[in-house]
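New to this one? Have a look at the model below, and then we'll walk through it together.

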Amino acid sequence: MQEIAALLLCKLGGKAGSADEIKAVIAAAGGEADDDAVSKLVGDLEGKDVDELLAAGMEKLKDVPMGGGGGGGGGGGGGGGGAAEEEEEEKPEEEEMEAPATDMFGGDDGGDY
């Protein structure tokens, strides 16, 4: 994918989009170019015009449904009359234990110092 993006950047910059130029763009962006992918891309596009390929792709995309359309929808249901609802199990509440009335040195007289 990065190879195609680099090729398109080369084309936008007025370059031919050679393998070396594509690798240079990827390296400038901090990535590592996959030599096999770059050579395959350059080989597949040899003798073809990128602008024509993009136009042909856009022509194909116009027939693909892209959501949107409808409207309406919305309002979610009310009651599910006969549907069995799952009841959450009530967890027994843990009893809180009070700390014993002692002073910090272990004495339990509770007196002043």
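What follows goes from the overall fold to the core, and then to a few single residues.

**The big picture**

Keep in mind that this is a predicted model. The chain has a mean pLDDT of 79, with 68% of its residues at 70 or more. Among the helices, confidence runs from a mean of 88 in helix H4 (residues 50-61), the lowest, up to 92 in helix H2 (residues 19-28), the highest. A word of caution for the rest of the chain: where pLDDT is low, the predicted coordinates should not be read in detail.

So what is the chain built from, helices or strands? It has four helices and zero strands, which gives the order α-α-α-α when you start at the N terminus. Of the 113 residues in the chain, 10% count as buried. The exposed surface comes to about 10000 Å², and carbon and sulfur atoms supply 52% of that. If you take the contacts with a separation of 6 or more, 35% of them join residues 24 or more positions apart.

**The core**

Which residues make up the largest nonpolar core? There are eight of them: Ala 6, Leu 7, Cys 10, Ile 22, Ile 26, Val 38, Leu 41 and Val 50. Helix H1 (2-12), H2 and helix H3 (35-45) each give two or more residues to this core. H1 has the largest share, with three residues. As general background, nonpolar side chains tend to be buried together in soluble globular proteins.

**How H1 meets H2**

The axes of H1 and H2 are 9 Å apart, and the two helices pack at an angle of about 105°. An angle from 65 to 115 degrees counts as roughly perpendicular, so that is the description H1 and H2 get. On the H1 side, the contact involves Gln 2, Glu 3, Ala 6, Leu 7, Leu 9 and Cys 10, while H2 brings Glu 21, Ile 22, Val 25 and Ile 26. Zoom in on Ala 6 and, leaving out residues up to four places away in sequence, you'll find it touching Ile 22, Val 25 and Ile 26.

**Three residues to look up**

Start with Leu 7, which is found in helix H1. Is Leu 7 buried or exposed? Its relative accessibility is 5%, and because buried means under 20%, Leu 7 counts as buried. Setting aside residues up to four places away in sequence, Leu 7 touches Gly 17, Ile 22, Leu 41, Leu 45 and Val 50.

Next comes Ala 19, in helix H2. At 24% relative accessibility, Ala 19 counts as partly exposed. With residues up to four places away again left out, Ala 19 touches Val 38 and Val 42.

Last is Asp 35, which sits in helix H3. Asp 35 also comes out as partly exposed, at 46% relative accessibility.

Each of these three has a C-alpha distance to go with it, set beside the separation along the chain:

| Pair | Apart in sequence | C-alpha to C-alpha distance |
|---|---|---|
| Leu 7 and Ile 22 | 15 residues | 5.6 Å |
| Ala 19 and Glu 3 | 16 residues | 9.4 Å |
| Asp 35 and Glu 3 | 32 residues | 9.7 Å |

Glu 3 is the partner of Ala 19 in this table, and Glu 3 is also paired with Asp 35. You've met Glu 3 already, as one of the H1 residues in the contact with H2.

Notes:
Residues are numbered from 1 along each chain as its sequence is written. This is a predicted model: local features need pLDDT of at least 70, side-chain atom pairs count only at pLDDT 80 or more; totals for chains, interfaces and linings use all residues. Side-chain values use heavy atoms; hydrogens and water are left out. pLDDT is the predictor's confidence in each residue, from 0 to 100. Buried means under 20% relative accessible area, exposed over 50%, partly exposed in between (1.4 Å probe, protein chains only). Contact means heavy atoms within 4.5 Å. Accessible areas come from the Shrake-Rupley method with a 1.4 Å probe; for residues, only the protein chains shown count as cover. A nonpolar core is a set of buried Ala, Val, Leu, Ile, Met, Phe, Trp, Tyr and Cys residues joined through side-chain atoms within 4.5 Å. Axes are lines fitted to C-alpha atoms, for helices over the stretch in contact, and angles run from 0 to 180 degrees between N-to-C directions. Angles under 35 degrees count as roughly parallel, over 145 as roughly antiparallel, 65 to 115 as roughly perpendicular and the rest as oblique.
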